[in-house]
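Work through these exercises with the structure open beside you. Try each task before reading its solution.

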Amino acid sequence: MVHDAADARRGSWSRLTSTSVFSSPWFETRRDTALRPDGSTGNYDHVISTGSVTVVAVDEAGFVAVTRQWIYTHEGVQWRLPAGRIEPADQDAETAARRELQEEAGLSARTWQPLGVINCADSFTNHRDHAFFATGLTQGTPNLDPGESDLEIRRIPFDQALSLVVQGEMPHAGSSYALLMARTLGLG
């Protein structure tokens, strides 16, 4: 990673106060008063999240588990990889990934490899998506939440899943990042 002296100056923001504006089980909205690098102060509104996970689950034949469902906030049907939020009860991101893969796809995996973490919507939220590569799959029964009753699970060739990303048909940041990282690392 390349750093220079200006990086230190750009990182000199300081939080003076922080107030919760809204809180739910899913996220919190905060308004901070911050000291900016130029010495001025101002408000900075942002969303605090526990983060999420995304799983590239690949079977022995090289097929990837993908989901297709209505995404409320984007008002449309989207292709995605199995993914979801990190719950407060989850020990860590991998625990959440294992749970989400089982809940959405009914799959458990013998082998897990972290692919990295992507920041989602910088300047708006601290939300980070933790990506994993899972193999050695065993099929079980999905355990969908009521809001996921329209979720379809399919297995498609890795290259077809990657094509969905390149063609803009899989706009979910975590899914795109995970598939691209898996390919870059020679895993898919």
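UniProt positions are given here in the numbering used for this model, and such annotations may be inferred rather than shown by experiment. The model itself is predicted.

**Exercise 1. Which residues does UniProt list for "domain: Nudix hydrolase", and how far apart are the end C-alpha atoms of that span?**

Solution.
- Step 1: Look up the record. The unreviewed UniProt entry lists residues 48-178 under "domain: Nudix hydrolase".
- Step 2: Find the ends. The end C-alpha atoms of residues 48-178 are 22 Å apart.
- Step 3: Check the make-up. Residues 48-178 are 21% helix and 43% strand.

**Exercise 2. In what order do the 4 strands of the open sheet lie?**

Solution.
- Step 1: Recall the rule. Strands in a sheet pair through backbone hydrogen bonds, parallel or antiparallel.
- Step 2: Read across the sheet. The order is β7-β4-β9-β8, with mixed pairing.
- Step 3: Find the edges. β7 (83-85) and β8 (107-119) each have a single partner strand, so one side of each has no neighbour in the sheet.
- Step 4: Add the twist. On average, neighbouring strands of this sheet are turned by 25 degrees against each other, direction ignored.

**Exercise 3. Find how β9 pairs with β8 and with β4, parallel or antiparallel.**

Solution.
- Step 1: Take β8. β8 and β9 (residues 128-139) run antiparallel and are joined by 11 bridges.
- Step 2: Locate opposite residues. Asparagine 119 faces arginine 128 in β9. Leucine 107 stands opposite glutamine 139 in β9.
- Step 3: Take β4. β4 and β9 are parallel, with 6 bridges. Valine 56 has phenylalanine 133 of β9 as its bridge partner.

**Exercise 4. Which strands of the sheet do α2 and α4 touch?**

Solution.
- Step 1: Start with α2 (residues 93-105). α2 touches β4 (52-57), β7, β8 and β9. The direction of α2 makes about 120 degrees with that of β8.
- Step 2: Turn to α4 (residues 173-184). α4 packs on the sheet too, touching β4, β8 and β9. Its angle with β8 is about 105 degrees.

**Exercise 5. What span should α4 have, and which of its residues are buried?**

Solution.
- Step 1: Compare lengths. The 12 residues of α4 should span 16 Å at 1.5 Å a residue; the end C-alpha atoms are 16 Å apart, which agrees.
- Step 2: Apply the cut-off. Buried means under 20% relative accessible area.
- Step 3: List the residues. Gly174, Ser175, Ser176, Tyr177, Ala178, Leu179 and Ala182 are buried in α4.
- Step 4: Find their neighbours. These buried residues pack against β4, β6 (76-80), β8, β9 and α3 (158-166).
- Step 5: Look past the helix. Glycine 186 follows α4, with a positive phi near 75 degrees.

Notes. Residues numbered from 1 in each chain as written. Predicted model: local features only at pLDDT ≥ 70, side-chain atom pairs only at ≥ 80, totals over all residues. Heavy atoms only, no water. Pairing = 2+ DSSP bridges. Helix = DSSP H or I, 4+ residues; strand = E, 2+ residues; numbered from the N terminus. Axes fitted to C-alpha atoms, helices over the stretch in contact; angles between N-to-C directions. Contact = heavy atoms within 4.5 Å. Expected span 1.5 Å × (residues − 1). Buried < 20%, exposed > 50% of the residue type's maximum accessible area, 1.4 Å probe, protein only.
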